[in-house]
Amino acid sequence: MGQYMAQAEPHTSDFIIVGSGINSLVAAALLTGQGHSVCVLERNDWIGGCIKTEELTLPGFRHDVFSGFHPLFVTSPAYAELGESLHAHGLEYVNTTRPTAAVLPDGRQFTLTTSRAENLAALSEKDASAYARAMADIEQNTDIIFGLLGADLWKFSTLKLMAKAAWVRGVRGLSDFFGMSMDNCAHWLRSSFDADEVQACIAPWILHTGLAPNSPLSGLMGKLICFTLEVAGMPIVKGGSGNFVAAFRSLIESRGGTFHTGRDVTEIIVKDNQAQAVKCGSGEIFTAKKAIICNVTPTQLYGDLLAKVPLPAEVKSQAEAYHYGNGDMQIHLALDGDVAWQDPVLNKVAMVHLTSGIDSVSRAINEAERGLLPAEATIVVAQPTALDASRAPAGKSILWLQLQELPYHIKGDAVGEIDIPADGMWDEVTKEAYADRIIERLARHIPGLKQQILARAILSPRDLARANINLVKGDPYSGACGIEQFMLWRPLKATKNHGTPVKGLYHIGASTHPGPGLGGTSGYLVAKELG
């Protein structure tokens with residue numbers, strides 16, 4: 001009877017948003033702010049997508065489960081418009097002047113600060129000149145860079161932007177910009193910087209963009225990351241990123257928006273090529289008077305949710321060919337006492353990369369792509385309690401480790417030490433053994449670390465894929481970000497901007513332009529178009 005009533009008297013809103021990640025939250029906040037009724041549907045029993053805080057290890061230790069730092073959000077147009085309201089609903093950031101550093105195996109390190117003067121002073125004359133040129137490359141081209149990353153590309157306004165850029169720079173100058181943009185990070189770093197530790201500080205950040213050091217565009221991304229870290233630092237949400245989601249929820253609900261968790265959307269109902277409603281696995285139907293916005297992968301959208309809808313052949317084939325990047329592992333540590341690096345300069349750095357440099361990053365990526373557990377994965381070491389002591393009980397601390405160069409299906413171990421399951425799938429034994437390898441390496445730079453560990457929680461690529469349907473094969477970026485699947489061609493070459501072949505159906509999220517990251521830009525762009 002309950003199911004019948006849900007079908008007979010469906011929920012109706014102006015807009016239905018499928019999925020509750022950051023882009024969904026931004027879109028819902030903007031649309032409700034314009035007076036529209038908005039309903040957000042989430043298949044999990046929590047909202048936030050890849051933003052979640054949980055006591056994974058022990059009571060009182062608050063770990064950001066999937067993501068944690070917000071430099072992209074605080075520099076986004078969404079924050080510029082929503083920030084004041086979010087802070088009024090409880091959002092509070094803490095930050096640092098030391099956003100990142102890298103440590104080489106021999107202990108040498110380089111720390112990037114938020115001060116351009118300090119960064120230049122820490123470099124040799126040649127390296128300082130190269131760094132200044134790199135920052136000038138960004139500063140002199142902010143109109144194009146942020147114009148392309150912050151706007152829908154298939155629009156007349158973007159054409160006008162490029163025409164103006166060509167007029168100001170000349171055709172040759174514009175060509176020079178795009179030539180510089182296509183350079184890869186490995187070439188840029190090797191040709192510009194002598195110091196290994198400086199190269200090592202920048203190269204691992206390319207992993208956070210879903211690229212490799214030898215990928216086209218990675219050189220520009222490396223420069224842009226340095227610029228962003230100088231401008232924004234590495235802000236985190238006081239008390240945990242769950243408070244970020246709570247602030248959004250409070251704001252959206254105060255404007256009349258609604259959230260429904262435990263709603264697994266299985267079908268988009270289309271009539272006369274117009275999206276009208278969504279159907280959940282429970283049988284519930286939610287109707288949209290104006291539009292449906294889906295924060296999903298192309299695999300889900302075109303392969304599952306629109307399975308019953310006739311689609312252009314090129315859209316279906318391109319969605320089937322959409323591919324995903326390497327898997328991700330996270331290790332969350334609850335520690336007794338503060339983290340004490342061998343070099344105490346690192347104790348207050350927000351995010352440290354443990355790496356041998358460009359070659360080791362490239363090698364680990366190559367090993368992962370061949371199905372091997374890398375011999376020397378790049379270790380991302382985030383230190384939330386260095387910025388926010390409230391994340392752990394008094395006298396305790398936490399670490400958030402991330403490994404972005406792992407296979408989803410394991411064919412072997414590059415070192416030959418770890419036994420691989422017969423089916424090649426991550427299991428408890430395999431992930432514990434690989435975590436041991438990582439902790440052993442890290443302990444060489446944090447004396448006494450192993451004795452400090454009170455508890456640990458490990459999320460393998462398989463665990464991540466189970467936790468969030470958008471993390472296909474444990475890819476934290478919801479799709480590889482190579483040039484063939486980026487900018488104009490993200491998510492598909494056959495679609496434009498965030499539209500779909502179905503009227504009234506829009507596509508947002510990390511799988512869409514401008515790609516992954518906690519910026520909320522795709523949700524912002526669609527909300528602005530629809531509002």
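In the predicted model, a network of salt bridges links Asp-106, Arg-108, Asp-196 and Glu-197. Side chains of opposite charge can pair when their charged atoms come close. The count of salt bridges comes to 31.

One of these joins the side chains of Asp-359 and Arg-190, with an N to O distance of 2.4 Å. Asp-359 belongs to helix H15 (residues 358-369) and Arg-190 to helix H9 (residues 185-192), so this salt bridge ties together parts that are 169 residues apart in sequence. Both partners are partly exposed: the relative accessible area is 49% for Asp-359 and 44% for Arg-190.

A salt bridge is also formed between the side chains of Glu-267 and Lys-308, at 3.4 Å from N to O. Here the partners are 41 residues apart, Glu-267 being located in strand E10 (residues 265-271) and Lys-308 in the loop between helix H13 (298-305) and helix H14 (313-321), and the pair thus links distant parts of the chain. Glu-267 counts as buried, at 18% relative accessibility, because the limit for that class is under 20%. Lys-308, in turn, counts as exposed at 68%. In the pair Asp-388 and Arg-391, whose side chains meet in a salt bridge of 3.0 Å (N to O), Asp-388 is buried with a relative accessible area of 4%, and Arg-391 is buried with a value of 0%.

Helix H4 (residues 77-88) was examined for the placement of its buried positions. Ala-78, Leu-82, Gly-83 and Leu-86 of this helix are buried. These residues cover an arc of only 145° around the axis, and therefore lie on the same side of H4. The face turned away from that buried side carries Ala-80, Glu-84 and Ala-88, which are exposed. Packing of the buried residues of H4 involves four helices, namely H2 (22-33), H3 (71-74), H12 (242-254) and H20 (521-530). After H4 comes Gly-90, with a positive phi near 110°.

In soluble globular proteins, nonpolar side chains tend to be buried together. The largest nonpolar core of the model holds 56 residues, of which Leu-189 and Met-351 touch the most other members. At least two residues of this core are supplied by each of strand E7 (109-112), helix H6 (125-139), helix H7 (142-149), helix H8 (156-181), H9, helix H10 (196-202), helix H11 (218-232) and strand E16 (379-382). H11 provides the largest share, 7 residues. Beyond its neighbours within four places in sequence, Leu-189 is in contact with Gln-199, Ile-202, Ala-203 and Ile-358. Another core, of 38 residues, lies apart from the largest one and includes Ala-29, Val-38, Phe-73 and Ala-527.

Empty space was analysed as well. The second largest pocket contains about 570 Å³ of space. Its lining comprises 30 residues, and those closest to the pocket centre are Tyr-324, Gly-325, Asn-326, Gly-327 and Glu-369. H15 and strand E17 (396-406) each contribute at least two residues to this lining, and the largest share, 3 residues, comes from H15. Helix H15 thus takes part in the lining of the second largest pocket and also holds Asp-359, the partner of Arg-190 in helix H9.

Key:
Residues numbered from 1 in each chain as written. Predicted model: local features only at pLDDT ≥ 70, side-chain atom pairs only at ≥ 80, totals over all residues. Heavy atoms only, no water. Salt bridge = Lys/Arg side-chain N within 4 Å of Asp/Glu carboxyl O. Buried < 20%, exposed > 50% of the residue type's maximum accessible area, 1.4 Å probe, protein only. Arc of directions from axis to C-beta. Contact = heavy atoms within 4.5 Å. Core = buried A, V, L, I, M, F, W, Y, C linked by side-chain atoms within 4.5 Å. 1 Å grid on protein atoms, 1.4 Å probe; cavity = no way out; pocket = protein on both sides within 12 Å on 5 of 7 lines; lining within 4 Å. Points joined across faces, edges and corners; volume = space filled by probe spheres on them.
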